[in-house]
Amino acid sequence: MKILACNSNLPLAESIADHLNLPLTRADVKRFSDQEIWCEIQENVRGEDVFVIQSTSFPANDNLMELLVMLDALRRGSARRITAVMPYFGYARQDRKSGPRTPISAKLVANLITVAGADRVLTMDLHAGQIQGFFDIPLDNLFASPVLTSDIRAKFDGQKLVIVSPDVGGVARARSVAKRLDAELAIIDKRRPKAGISEVMHVIGDVKDAACILVDDIVDSAGTLCNAATALKERGASSVAAYVSHGVLSGPAVERIANSPMSEVVTTDSIKASEAVRGCGKIRQLPIAPLMAEAIRRISEEKSVSVLFD
């Protein structure tokens with residue numbers, strides 16, 4: 001097999017290649033003066049099983065286009081099979097019509113990836129499970145929960161632990177983590193007046209004197225997490241931390257987290273940390289390269305991927 005890296009998260013791609021004991025395939029990705037993207041794969045890929053690693057994080061449109069151009073180059077280079085490895089799948093929050101005359105952009109992106117030449121997709125913690133059905137090619141959706149729960153066990157061993165879903169939509173995810181940790185479950189009932197703004201309404205469950213762990217798939221502007229943390233502290237939680245699969249952390253997110261009652265926000269490195277994120281003492285990243293590398297190995301060898309989460 002060959003491992004090819006686009007530019008959104010080179011440190012993760014290099015780490016995955018190291019775990020597979022493979023060098024990254026040489027490729028050149030450039031931009032013309034008008035920012036049009038051009039690429040050239042500098043090794044023979046004819047008949048190869050190729051994995052292209054690219055998170056479609058900020059700048060989402062540039063990174064998505066870079067992936068599409070690379071997929072097209074591989075298809076025209078006669079690669080035997082092309083897998084788009086997307087640790088973070090951008091546009092996943094646009095998975096349904098939220099109002100009249102609005103797009104379902106996640107389906108559009110799925111179509112673009114398929115038409116560009118991908119034979120299958122490997123991603124992690126899709127925002128909505130139904131996005132798997134947007135693809136007419138195989139998609140493997142990995143879960144970050146084993147990575148997150150391992151760290152929670154190490155840090156909170158012996159404490160009264162409550163896993164908290166920051167909204168009703170994330171209850172299944174939080175329940176899965178709570179089951180792994182044999183912990184109690186609580187739910188934040190929130191109302192969202194408009195996109196990007198949330199208000200905490202109620203805390204369902206007993207959180208008094210407990211170490212509360214907020215579990216979510218994406219932290220973007222961090223408004224939801226910070227409001228939830230404040231509500232939990234007001235209801236007697238001894239401490240609040242957050243464990244999130246994808247740290248988008250845009251806009252005022254880092255400042256909000258720094259000023260929040262949360263002791264720590266832990267994310268995976270599915271998205272490359274910005275300078276602001278690296279400089280915040282309350283934000284920490286966990287490596288997912290071993291998980292992604294093992295999934296890639298199993299796909300290449302036609303072995304089961306689901307056994308990684310049994």
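This passage walks through a predicted model of one protein chain, from its overall build down to single residues.

Taken as a whole, the protein chain holds nine helices and 14 strands. Its C-alpha trace spans about 60 × 45 × 35 Å along the principal axes. A compact globule of 310 residues would have a radius of gyration near 19 Å, so the 20 Å found for the protein chain agrees with that picture. Of those 310 residues, 51% count as buried. Contacts between residues with a separation of 6 or more lean on distant parts of the sequence: 63% of them join residues 24 or more positions apart. On the outside, the accessible surface adds up to about 14300 Å², and carbon and sulfur atoms make up 49% of that. As for charge, there are 37 positive and 38 negative side chains, with the centres of the two sets lying 3 Å apart.

Two of the helices can be set side by side. Helix 4 takes in residues 145-156, twelve residues in total, and runs 16 Å from its first C-alpha to its last, close to the expected 16 Å at 1.5 Å a residue. Helix 6 covers residues 223-234; its twelve residues should span 16 Å at 1.5 Å a residue, and because its end C-alpha atoms are 17 Å apart, the helix agrees with that figure. In an α-helix there are 3.6 residues a turn, so residues three or four places apart point the same way. The buried residues of helix 4 are Ser145, Val147, Leu148, Thr149, Asp151, Ile152 and Phe156. In helix 6 the buried set is made up of Gly223, Thr224, Leu225, Cys226, Ala228, Ala229, Ala231 and Leu232. A glycine with a positive phi turns up after each helix: Gly158, just after helix 4, has a phi of about 90°, while Gly236, which follows helix 6, has one near 100°.

Positive phi values also appear at residues other than glycine. Asn21 has a phi near 55° and sits in the loop between helix 1 (10-19) and strand 2 (27-31). With a relative accessible area of 70%, Asn21 is exposed, since the cut-off for that label is over 50%. Asp182 is not a glycine either, yet has a positive phi of about 55°. This aspartate lies in the loop between helix 5 (171-181) and strand 9, and its relative accessible area of 75% makes Asp182 exposed as well. Another backbone detail is the cis peptide bond that joins Phe58 and Pro59, with omega at about -10°. Pro59 belongs to the loop between strand 4 (49-53) and helix 2 (60-76).

Strand 9 (residues 184-194) contains Glu184. At 55% relative accessibility, Glu184 counts as exposed. Even so, Glu184 is in contact with Leu161, Val162, Ile163 and Ala178, leaving aside neighbours within four places in sequence. Glu184 and Asn259 are 75 residues apart in sequence, and 27 Å separates them in space, C-alpha to C-alpha.

Asp216, in strand 11 (residues 211-219), is an acidic residue on the other side of the cut-off. Its relative accessibility is 10%, and because buried means under 20%, Asp216 counts as buried. Not counting residues up to four places away in sequence, Asp216 touches Pro166, Arg173, Tyr243, Val244 and Ser245.

Two serines round off the tour. Ser98 is found in the loop between strand 5 (81-86) and helix 3 (105-116), and at a relative accessible area of 66% it is exposed. Ser98 and Ala186 lie 88 residues apart along the chain and 27 Å apart in space, C-alpha to C-alpha. Ser105, by contrast, has its place in helix 3 and is buried, with a relative accessible area of 10%. Outside the residues up to four places away in sequence, Ser105 touches Tyr91 and Gln94.

Note on methods
Residues numbered from 1 in each chain as written. Predicted model: local features only at pLDDT ≥ 70, side-chain atom pairs only at ≥ 80, totals over all residues. Heavy atoms only, no water. Helix = DSSP H or I, 4+ residues; strand = E, 2+ residues; numbered from the N terminus. Expected span 1.5 Å × (residues − 1). Buried < 20%, exposed > 50% of the residue type's maximum accessible area, 1.4 Å probe, protein only. Rg over C-alpha atoms; globule rule 2.2 N^0.38 Å. Contact = heavy atoms within 4.5 Å. Areas by Shrake-Rupley, 256 points an atom, 1.4 Å probe, with all protein chains shown as cover. Lys, Arg positive; Asp, Glu negative; His and termini not counted. Charge placed at Lys NZ, Arg CZ, Asp CG, Glu CD.
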